[in-house]
Amino acid sequence: MKAFRVCIVGGGSTFTLGFLKSFVRLREAFPLKKLVLFDIDSDRQEPIGKYGEILFKERFPELDFSYTTDIREAYEGMDFVFMQMRAGGLPMRAKDEHIPLSMGLVGQETCGAGGMAYGLRSCVDMIKAVHQIRTYAPEAWILNYSNPAAIVAEALRREFPDDKRILNICDQPENVVRSCSRLLQCSWEDLDPVYFGLNHYGWFTHMYDIRTGEDLLPKIREMVARNGFLPQDAEQRDKSWLDTYGMVKTIMEDFPQFLPNTYDQYYLYPEYKASHLDPDFTRADEVMAGREKRVFGECAEVIREGRLGDKFDEISDAHAEMMIKVAESIAYNKNDRHIMIVENNGAIANMQNDAMVEVVCELGANGPRPMRVGNIPQFYLGLLVNQVSCEKLIVDAYFENSYQKALEAFTLNRLINDGKKARKVLDALIEANKGMWPELK
Ligand code: G6P
Ligand code: MN
């Protein structure tokens, strides 16, 4: 069996430990030969790199593992590059959330004004990084899950139109499927979903039992109405995530036709969300106080003791597992089904061809083959056409250095929806993103 070389861009991320452990857990299914972590921030990456050295010495000694800030060492000869960079880091995530909230608008890392702010930063950093990767690894599969994935996918589609090995993926649809399996008390892999939307803005139209073909969505609807909705790994989640999943019940009371992605809450209830998010303690603050401390605390402890021993937990990490399974499906031409972000080209029949949409795809050695969902109902079409216009305009703003296009994107966005508010929050975000955004004229 062939073994693979993988680079993770964003080695200093709070999600990286989950990957390191998952590569150990999944070493039979996805044999790794070489793993390199890359980050531009060496101080942040170092403890995670040292943790990796200790982990692999104990549990995967044949793996060639290293961490670096040098792009050539990172990319040369790679089969897969997993991209999880956060342009501007968590401190900028905090600004993306705080600035809109201070004006009474939803503050969220990928939706609304904050999402577009992050989007412009990510366009700059992602396009640069993909060019660097292509210099040293022209054939590598680039699996991008850097956010905001919708905007990044649109920007990469334009900058690299002929590159068929750049894939954009998000774990949230699969997380919702996993939640359904918790409700139904089955394995999530026994569920066969039909899904349409944009990234962080979609719905499940069916949830089939993979063995019998029975559509379990009516049953799920009833169970959500009765019991609410929880993440599969609810016991490991912070309160804000439990609130987010809880909103699925509200959404299904108002719009019962389909099962929503959890992010739909921001678009359907922008005023409610803006008034219920804590402007003094947003998700970024919660991550910095929680997961970031835990991850770097765990690294410090392992480095101090020089061993992991029984600190290697067997709890699966859904996010890392999904990305490794995506790579496995390509590597072995498995044609497994994954929900991915692809150019529409008729997958959603009544939407424009060049929209980057999120649908179920069969994924193999020749890339994703999207499955068609036909026409979607007018209500959903209206929501999505609005948002896809907004995403395209913000990417126009990047490529054309256009303040006007950015203002149009902000005005159109359902989380802002007003020209004067749009200008005010845009101007504040320009200030906050100096040096990280393209200059808008
Ligand atoms: C989900 C989304 C990601 C997002 C993440 C944020 O996994 O699909 O796109 O980045 O949640 O999680 P956090 O715990 O950092 O708020
Ligand atoms: Mn996502």
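So, where does UniProt place the feature "binding site"? According to its unreviewed entry, the answer is Cys170 and His200. Keep in mind as I go on that we're looking at a predicted model.

Now, these two span 31 residues in sequence, yet their C-alpha atoms are no more than 8.2 Å apart, so they gather at one spot. From this set, His200 also belongs to the lining of the largest cavity.

Let's take Cys170 to begin with. You'll find Cys170 in the loop that runs between β6, residues 166–169, and α7, residues 172–184. Is Cys170 buried or exposed? Its relative accessible area is 7%, and anything under 20% is called buried, so Cys170 is buried. If we set aside neighbours within four places in sequence, Cys170 is in contact with Asn199, His200, Met322, Ile339 and Glu358. Notice His200 in there: the two residues from the UniProt record are in contact with each other.

Okay, over to His200. This one also sits in a loop, between β7 (191–198) and β8 (201–209). With a relative accessibility of 4%, His200 is buried too. Again leaving out residues up to four places away in sequence, His200 touches Thr110, Asn147, Cys170, Asn261, Tyr263, Asp264, Tyr267 and Glu358. Look at Glu358, by the way, because it turns up in the contacts of Cys170 and in those of His200. And with Thr110 there's something extra: a polar contact of 2.8 Å joins its side chain to that of His200.

Next, the pockets. How do you look for empty space in a structure? You roll a probe the size of a water molecule over the atoms, and that shows where space is left.

The second largest pocket here has a volume of about 530 Å³. It's lined by 23 residues, and the closest to its centre are Ser240, Asp243, Thr244, Lys273 and Leu277. The elements giving two or more residues to that lining are α4 (89–102), α9 (239–254), α11 (270–276) and α12 (283–289). Which of them gives the largest share? That's α9, with six residues. As for character, the lining has eight nonpolar, six polar and nine charged residues.

Last stop, helix α1, residues 16–25. Nine of its ten residues are buried, so the helix is largely enclosed by the rest of the structure. Among the buried ones are Leu17, Phe19, Leu20, Phe23 and Val24, and you'll see Lys21 is buried as well.

Methods:
Residues are numbered from 1 along each chain as its sequence is written. Chains are lettered from A and ligands numbered from 1 in the order in which they are written. This is a predicted model: local features need pLDDT of at least 70, side-chain atom pairs count only at pLDDT 80 or more; totals for chains, interfaces and linings use all residues. Side-chain values use heavy atoms; hydrogens and water are left out. UniProt positions are given in the numbering used here, feature names are shortened, and annotations may be inferred rather than shown by experiment. On a 1 Å grid over the protein atoms alone, a cavity is a set of points where a 1.4 Å probe fits but cannot get out, and a pocket is an open set with protein on both sides within 12 Å along at least five of seven lines; lining residues have an atom within 4 Å of a point. Helices (H or I, at least four residues) and strands (E, at least two) are DSSP runs, numbered from the N terminus. Buried means under 20% relative accessible area, exposed over 50%, partly exposed in between (1.4 Å probe, protein chains only). Contact means heavy atoms within 4.5 Å. A polar contact is a pair of N or O atoms within 3.5 Å; within protein, one must be able to donate a hydrogen and the other to accept it, and residues adjacent in sequence count only if both atoms are side-chain atoms. Grid points are joined across faces, edges and corners, and a volume is the space filled by probe spheres set on the points. Ala, Val, Leu, Ile, Met, Phe, Trp, Tyr, Cys and Pro count as nonpolar, Asp, Glu, Lys and Arg as charged, and the others, Gly among them, as polar.
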